Amino acid sequence: MPGCQHRATEADHVVPVAEGGAMYDPLNGQAACGSCHMQKTQREAARGRQRRSRLRPPTPHPGLV
């Protein structure tokens with residue numbers, strides 16, 4: 001992340017594969033420290049959950065059908 005002063009120890013996709021990023025393109029890779037990588041991954045996971053909830057209609061509770 002910009003301004004991070006920690007040692008980069010993990011590999012990260014700049015554009016997540018789930019969002020159209022290339023899996024094996026070196027230009028879609030970057031190094032990140034563990035903390036920054038975890039924060040970025042959590043933000044990406046939240047976006048994925050939002051996408052899935054918009055695409056999937058809510059299912060009624062089985063006891064209410």
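**Exercise 1. Which residues of α1 are buried?**

Solution. The model is a predicted one, in which local features need pLDDT of at least 70 and side-chain atom pairs count only at pLDDT 80 or more, while totals for chains, interfaces and linings use all residues. Residues are numbered from 1 along each chain as its sequence is written, and side-chain values use heavy atoms, with hydrogens and water left out.

Step 1. Fix the terms. Helices (H or I, at least four residues) and strands (E, at least two) are DSSP runs, numbered from the N terminus. A residue is buried under 20% relative accessible area, exposed over 50%, and partly exposed in between (1.4 Å probe, protein chains only).

Step 2. Locate the helix. Helix α1 covers residues 34-55 and has 22 residues. From its first C-alpha to its last, α1 reaches 31 Å, close to the 32 Å expected at 1.5 Å a residue; the expected span is 1.5 Å times one less than the number of residues.

Step 3. Name the residues. Cys36, His37, Lys40, Glu44 and Gly48 are the buried residues of α1. Seen down the axis, they fall within an arc of 105 degrees, so they line one face of the helix. The arc is that of the directions from the helix axis to the C-beta atoms.

**Exercise 2. Determine how many salt bridges the structure holds, and trace those that involve Lys40.**

Solution.

Step 1. Recall the principle and the criterion. Side chains of opposite charge can pair when their charged atoms come close. A salt bridge is counted when a side-chain nitrogen of Lys or Arg is within 4 Å of a carboxyl oxygen of Asp or Glu.

Step 2. Count. The search of the whole structure gives 4 salt bridges.

Step 3. Take Lys40 with Asp12. The closest N and O atoms of this salt bridge are 2.9 Å apart. The pair links distant parts of the chain, with Lys40 in helix α1 and Asp12 in strand β1, 28 residues apart. Both Lys40 and Asp12 are buried.

Step 4. Take Lys40 with Glu44. Their side chains meet in a salt bridge at 2.4 Å, N to O. Both residues lie in helix α1, 4 residues apart, about one turn of the helix. Glu44 is buried, as is Lys40.

Step 5. Combine the pairs. Asp12, Lys40 and Glu44 are linked in a network of salt bridges.

**Exercise 3. Describe the salt bridge between Arg51 and Glu19.**

Solution.

Step 1. State the distance. The closest N and O atoms of Arg51 and Glu19 are 3.5 Å apart.

Step 2. Place the partners. Arg51 belongs to helix α1 and Glu19 to the loop between β1 and β2; the pair, 32 residues apart, links distant parts of the chain.

Step 3. Assign exposure. Arg51 is partly exposed at 28% relative accessibility, and Glu19 is partly exposed at 31%.

**Exercise 4. Explain why Cys4 and Cys36 form no disulfide.**

Solution.

Step 1. Apply the definition. A disulfide is a pair of cysteine sulfur atoms within 2.5 Å. The search of the whole structure finds 0 disulfides.

Step 2. Examine Cys4. The closest cysteine sulfur to that of Cys4 is in Cys36, 3.6 Å away, which is too far for a bond. Cys4 is partly exposed, with a relative accessible area of 28%.

Step 3. Examine Cys36. The closest cysteine sulfur to that of Cys36 is in Cys33, at 3.5 Å, again too far for a bond. Cys36 is buried, at 7% relative accessibility.

**Exercise 5. Identify the residues of the nonpolar surface patch that includes Met23.**

Solution.

Step 1. Set the criterion. Patches are made of residues with over 30% relative accessible area and no salt bridge; like charges are joined within 9 Å, and nonpolar side chains (Val, Leu, Ile, Met, Phe, Trp, Tyr) within 5 Å. Accessible areas come from the Shrake-Rupley method with a 1.4 Å probe, and for residues only the protein chains shown count as cover.

Step 2. Name the members. Val17, Met23 and Tyr24 form the patch, with about 360 Å² of accessible area together.

Step 3. Place Met23. This residue is in the loop between β1 (10-13) and β2 (29-32) and is partly exposed, at 44% relative accessible area.

**Exercise 6. Relate separation in sequence to separation in space for His6 and His37.**

Solution.

Step 1. Place His6. His6 is in the segment before β1 and is exposed, at 62% relative accessibility.

Step 2. Read the separations. His6 and His37 are 31 residues apart in sequence and 11 Å apart in space, C-alpha to C-alpha.
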